[in-house]
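Work through these exercises with the model open beside you. Try each task before reading its solution.

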Amino acid sequence: MTERAARRADELDAVWKALSDATRRAILDFLRERPRTTTEIVDAFPHLSRFGVMKHLDVLRQAHLVQTREVGRRRVNSLNVVPIRQIYERWVGPFQELWSGELLRIREIAENDDSAGGRREALRKRKKH
């Protein structure tokens, strides 16, 4: 593995870790609609303390899933989809192609079996007459 590939894998490890928590995924879903202030996020998750939300946001920032900018005294958080796209390209895309090919092969087998079954049925009917 090249040094660049190893570094990219390490970056994706942080993304997987961030996505492994249901609360962090919910925060990302909340940010998908539009950028939100930290206060808006805290208000949307009343079961968490402000400190708890901040800890989750820190993990999301470290994984580069959330970008934060300061506007006056407010912090505005926005979703960064690039790491999710990198995971898709690394893990989902290649397997999607694999399964598409396998599903086409299964379809061909099923269609061939159906046509063979139809021929067998026609032969059985002819034998009865």
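**Exercise 1. Helix α2: which of its residues are buried?**

Solution. This is a predicted model. The buried residues in α2 are Thr23, Arg24, Ile27, Leu28, Phe30 and Leu31. Next, look down the axis. These residues cover an arc of only 160 degrees, so they sit on the same side of α2. Then turn to the other side of the helix. Arg32 and Glu33 are exposed there.

**Exercise 2. Compare the expected span of α2 with the distance between its end C-alpha atoms.**

Solution. Helix α2 has 12 residues. The rise is 1.5 Å a residue, and the expected span uses one less than the number of residues. That gives 16 Å. The end C-alpha atoms of α2 are 18 Å apart, which agrees. Now go to the start of the helix. A side-chain oxygen of Asp21 comes to within 2.9 Å of the backbone nitrogen of Thr23.

**Exercise 3. Repeat the span check for α4, then list its buried residues.**

Solution. Helix α4 has 13 residues, and at 1.5 Å a residue they should span 18 Å. Its end C-alpha atoms are 18 Å apart, in agreement. The buried residues are Gly52, Val53, His56, Leu57, Val59, Leu60 and Arg61. Now step past the end of the helix. Just after α4, His64 has a positive phi of about 65 degrees. This residue is not glycine. His64 belongs to the loop between α4 and β2 (66-71).

**Exercise 4. Which residues of the largest nonpolar core touch the most other members?**

Solution. The core holds 18 residues. Those that touch the most other members are Ala18, Ile27, Ile41, Leu57, Leu60, Leu65 and Val66. Four elements give two or more residues to this core: α1 (3-19), α2 (22-33), α3 (38-44) and α4 (50-62). The general rule is that nonpolar side chains tend to be buried together in soluble globular proteins.

**Exercise 5. Trace the contacts of Leu60 and Ile41, leaving aside residues up to four places away in sequence.**

Solution. Start with Leu60, in helix α4. Its relative accessible area is 0%, and the cut-off for buried is under 20%, so Leu60 is buried. Leu60 touches Ala18, Arg24, Ile27, Leu28, Leu65 and Val66. Add a backbone distance. The C-alpha atoms of Leu60 and Ala14 are 8.6 Å apart, with their positions 46 residues apart along the chain.

Now take Ile41. Its partners are Ile27, Phe30, Leu31, Arg36, Val53, Leu57 and Asn77. Ile27 is in contact with Ile41, and Ile27 is also touched by Leu60.

**Exercise 6. Thr38: buried or exposed?**

Solution. Locate the residue: Thr38 is in helix α3. Its relative accessible area is 4%. The cut-off for buried is under 20%, so Thr38 is buried. Then list its contacts, setting aside neighbours within four places in sequence. They are Arg50, Met54, Leu57, Arg75 and Asn77.

**Exercise 7. How many salt bridges does a search of the whole structure find?**

Solution. The search finds 5 salt bridges. Work through three pairs, including their accessibility. As a general point, side chains of opposite charge can pair when their charged atoms come close.

- Asp29 and Arg32 meet at 2.4 Å, N to O. Both lie in helix α2, 3 residues apart, about one turn of the helix. Asp29 is partly exposed at 41%. Arg32 is exposed at 60%.
- Arg34 and Glu40 meet at 3.4 Å, N to O. Arg34 is partly exposed at 40%. Glu40 is partly exposed at 27%.
- Arg85 and Glu89 meet at 3.2 Å, N to O. Both lie in helix α5 (residues 82-128), 4 residues apart, about one turn of the helix. Arg85 is partly exposed at 47%. Glu89 is partly exposed at 44%.

Methods:
Residues are numbered from 1 along each chain as its sequence is written. This is a predicted model: local features need pLDDT of at least 70, side-chain atom pairs count only at pLDDT 80 or more; totals for chains, interfaces and linings use all residues. Side-chain values use heavy atoms; hydrogens and water are left out. A nonpolar core is a set of buried Ala, Val, Leu, Ile, Met, Phe, Trp, Tyr and Cys residues joined through side-chain atoms within 4.5 Å. Buried means under 20% relative accessible area, exposed over 50%, partly exposed in between (1.4 Å probe, protein chains only). Contact means heavy atoms within 4.5 Å. The arc is that of the directions from the helix axis to the C-beta atoms. A polar contact is a pair of N or O atoms within 3.5 Å; within protein, one must be able to donate a hydrogen and the other to accept it, and residues adjacent in sequence count only if both atoms are side-chain atoms. A salt bridge is a side-chain nitrogen of Lys or Arg within 4 Å of a carboxyl oxygen of Asp or Glu.
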